[in-house]
Amino acid sequence: MTSSAATVPREPAPASRRLIAALVLGAVVALTLGVYGHVHDPSRKLVFTLFFSSTIAMKVWFASVAVAFAVVQLTTALWLYGKLGAGAPPWLGNVHRISGRLAFIFTLPVAYHCLWSLGFQDTNTRVLAHSILGCTVYGAFAAKVLIVRSRGLPGWAVPVAGGFMFSTLLAVWLTSALWFIDKQGFPSL
């Protein structure tokens, strides 16, 4: 190999390989969380409550706030993609990104408590679905971040990744926070 051949820039991987790599990374993240949650011994202790009256109150409120920010992100995405009719104002992209980051941040204390204190559980269908979906949220997040950062992917890749992320987060909320609210009412702060 000559020295000039070593300086030739490499061409980026084809879009299909980058998309598959993002999906594989997402699957690895989800599986890793699920395996960790299954093999580690759950502490069964309430780790923290922050300023809430109980850990369950913190989890219900934080999960609900995360879903509210996710709804903002979904709405702004539809607006940015021209699906809501009126043209998107220039500041909307920032609102979209910030709402997504806030939704993610609000899920972290909830997921930490679920994985550390409770682990991956399968005591009934709802709990099993919640455990699987909870791990899937973070796999979907990892895949979505990679897809958003990759250039030259098909135009449908980002909306599908975002829609899947939103759907799994909503399903996690439905199988936990909403289920709790339905059974016991909205917890006090």
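Author: A helix here is a DSSP run of at least four residues, numbered from the N terminus. Keep in mind that this is a predicted model.

Reader: Thanks! What makes residues 125-149 helix H5, and where does Arg149 lie?

Author: Helices are DSSP runs of at least four residues, and Arg149 lies in the run covering residues 125-149, helix H5. The protein has 7 helices and 0 strands, so by that numbering from the N terminus the elements run α-α-α-α-α-α-α.

Reader: Why is Arg149 called exposed?

Author: Exposed means over 50% relative accessible area. Arg149 has 63% relative accessibility, so Arg149 counts as exposed.

Reader: And Lys144, also placed in helix H5: why is Lys144 called buried?

Author: The cut-off for buried is under 20%. Lys144 comes to 16% relative accessibility and therefore counts as buried. Leaving aside residues up to four places away in sequence, Lys144 touches Gln73, Ala161, Gly162 and Met165.

Reader: What makes those residues count as touching Lys144?

Author: Contact means heavy atoms within 4.5 Å, and Gln73, Ala161, Gly162 and Met165 are in contact with Lys144.

Reader: Back to Arg149: which residues form the positive surface patch with it, and what makes the patch positive?

Author: Arg97, Arg101 and Arg151 form the patch together with Arg149. Arg counts as positive, so a patch of these four residues is a positive one.

Reader: How many of the protein's residues count as buried, as a percentage?

Author: Of the 189 residues, 35% count as buried, and Lys144 is one that counts as buried.

Definitions and conventions:
Residues are numbered from 1 along each chain as its sequence is written. This is a predicted model: local features need pLDDT of at least 70, side-chain atom pairs count only at pLDDT 80 or more; totals for chains, interfaces and linings use all residues. Side-chain values use heavy atoms; hydrogens and water are left out. Patches are made of residues with over 30% relative accessible area and no salt bridge: like charges are joined within 9 Å, nonpolar side chains (Val, Leu, Ile, Met, Phe, Trp, Tyr) within 5 Å. Accessible areas come from the Shrake-Rupley method with a 1.4 Å probe; for residues, only the protein chains shown count as cover. A salt bridge is a side-chain nitrogen of Lys or Arg within 4 Å of a carboxyl oxygen of Asp or Glu. The place of a charge is taken as NZ of Lys, CZ of Arg, CG of Asp or CD of Glu. Helices (H or I, at least four residues) and strands (E, at least two) are DSSP runs, numbered from the N terminus. Buried means under 20% relative accessible area, exposed over 50%, partly exposed in between (1.4 Å probe, protein chains only).
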